[in-house]
Amino acid sequence: MDDMPLPALFEQARKIHAAATDSGADQEVVKKGCEALHRCEDMVNNLGLFSPNETKEDISTTNLKYILVPFYLAELTEKIAQDDRIQILKSSQAKLKEFISFCEAMELVPKEELESYIDGAPKTVADQRARKIARFKRQRAAESKLLEIKERKERRGRSTKAAALSTPVEAGEEEVLDDDGEEEREAWITTISLAICKALDMLDMLKKEEEMLSAVKDRQSKDGDKEFSKDVLDERAKKAEAWHRDSAVRAQYTRPSPPITCATFAQDVLEGRAKASQEHDHKHQPLIFGPASLVNGNITTERERMAAQVFQPSHRMPTMSIEEAGLKEMEIMNKWQERNVKLMEEVNSSWHNDRKSKPGEDDDDEDDDAAQEKARAWDDWKDDNPRGAGNKKLTPCG
């Protein structure tokens, strides 16, 4: 690492930082990245790349990326696992403050962030929320801009490659690309702006963590240095594993609880107000609106009844719950199925062949014969006397 130049050393440290941020690297890798960043910091100071009299316009494009060294070092330092966590937090906060102060001197910190950083933590919750929203918007804008620059660079590279393959250039006629570094400069400035937003958020988080750990340490010192040892934690873990193992064994022989069909009772079970083994009758109290609902009293007088109807809903309230409606529909369906089964049994049986003659059936047959004789006589008379046969003398031409 001592023989590596500054650009190669910074690129190696940046890759370690990216790996540790995305997926979480091993402690040895994190410490190696911290060592590389410390080496980068020493080389930047020895070379005198930055001056307090300069601004961001005076810094060259190749040196802009080295402004991120304290920020990367702060993030990697925070990921180091150590017994004295408070010391790690203090070291990380020191590097973040150094990074923000240098960016302030280079006029890279936005005016709103600079004012909020100088004023300290906001006093009201609304101010905190407004500050977080504004910072989140700036962070999203920086990420979108970096993605746009990356896509534009890839698109230009593909088009250049395609043009080179389609039109070969003769020797001596190569076009010199206008590599002024404006796009690279814009990308690094956007990356620094994104790092500033992350550094401010991380600084607030580390401050809160340090306050919590300091309060816990003070309380432990007052209680006589009663700390949870590794043996106590291992004993608790063994007890929890034994309890889960015994529960799994008991579950094979115990009878499972009946399924819960009421949403209200299920919510009570989840929130601990009831047990799954308790019985539930699916009874729901009607909803009461108006003054009576504020005191949970019974409506006894006409005045209270009228007062309770002041703030009634504009729609009809349900007369039963979803569970009751489902149970009622299931009951109706069961009755309907039973009736269909009986009807099918009656249709498939031979009751129409086995029915017995009832008293009075002979009289009905005699009545039917008389009716048939009367109908036949009427048909014969109509045949002998067609319609209009006796009215010929009444017509003028008859």
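This passage walks through the salt bridges and the nonpolar core of the structure above, which is a predicted model.

Charged pairs come up first. A search of the whole structure turns up 14 salt bridges. One of them joins the side chains of Lys95 and Glu41, with N and O 3.0 Å apart. Lys95 belongs to helix 4 (residues 85–105) and Glu41 to helix 2 (residues 27–47), so this pair ties together parts of the chain that sit 54 residues apart in sequence. Both partners are tucked away: Lys95 is buried, and Glu41 is buried too.

Another salt bridge brings together the side chains of Arg135 and Asp201, at 2.7 Å from N to O. Here, too, distant parts of the chain are linked, with Arg135 in helix 6 (residues 125–166), Asp201 in helix 7 (residues 182–222), and their positions 66 residues apart in sequence. The two ends of this pair have unlike surroundings. Arg135 has a relative accessible area of 4%, and because the cut-off for buried is under 20%, Arg135 counts as buried. Asp201, with a relative accessible area of 34%, is partly exposed.

Helices 6 and 7 are also bridged by Arg152 and Glu183, respectively, which lie 31 residues apart in the chain. The closest N and O atoms of this salt bridge are 3.1 Å apart. This time the arginine, Arg152, is partly exposed, with a relative accessible area of 29%, while Glu183 is buried at 18%. The pair doesn't stand alone, either: Arg152 and Glu183 are part of a network of salt bridges that also takes in Lys145, Glu148, Arg156 and Glu186.

Next comes the nonpolar side of the story. In soluble globular proteins, nonpolar side chains tend to be buried together. In this model, the largest nonpolar core has 44 residues, and the members touching the most others are Ile67, Leu96, Phe99, Cys103, Ile192 and Ile196. Helix 1 (6–22), helix 2, helix 3 (69–78), helix 4 and helix 7 each give two or more residues to this core. Helix 7 chips in with the largest share, namely nine residues.

Cys103 gives a closer look at how such a core member is surrounded. Setting aside neighbours within four places in sequence, Cys103 is in contact with Ile67, Leu108, Val109, Ile192 and Ile196. Three of these partners, Ile67, Ile192 and Ile196, also appear among the core residues that touch the most other members.

Definitions and conventions:
Residues are numbered from 1 along each chain as its sequence is written. This is a predicted model: local features need pLDDT of at least 70, side-chain atom pairs count only at pLDDT 80 or more; totals for chains, interfaces and linings use all residues. Side-chain values use heavy atoms; hydrogens and water are left out. A salt bridge is a side-chain nitrogen of Lys or Arg within 4 Å of a carboxyl oxygen of Asp or Glu. Helices (H or I, at least four residues) and strands (E, at least two) are DSSP runs, numbered from the N terminus. Buried means under 20% relative accessible area, exposed over 50%, partly exposed in between (1.4 Å probe, protein chains only). A nonpolar core is a set of buried Ala, Val, Leu, Ile, Met, Phe, Trp, Tyr and Cys residues joined through side-chain atoms within 4.5 Å. Contact means heavy atoms within 4.5 Å.
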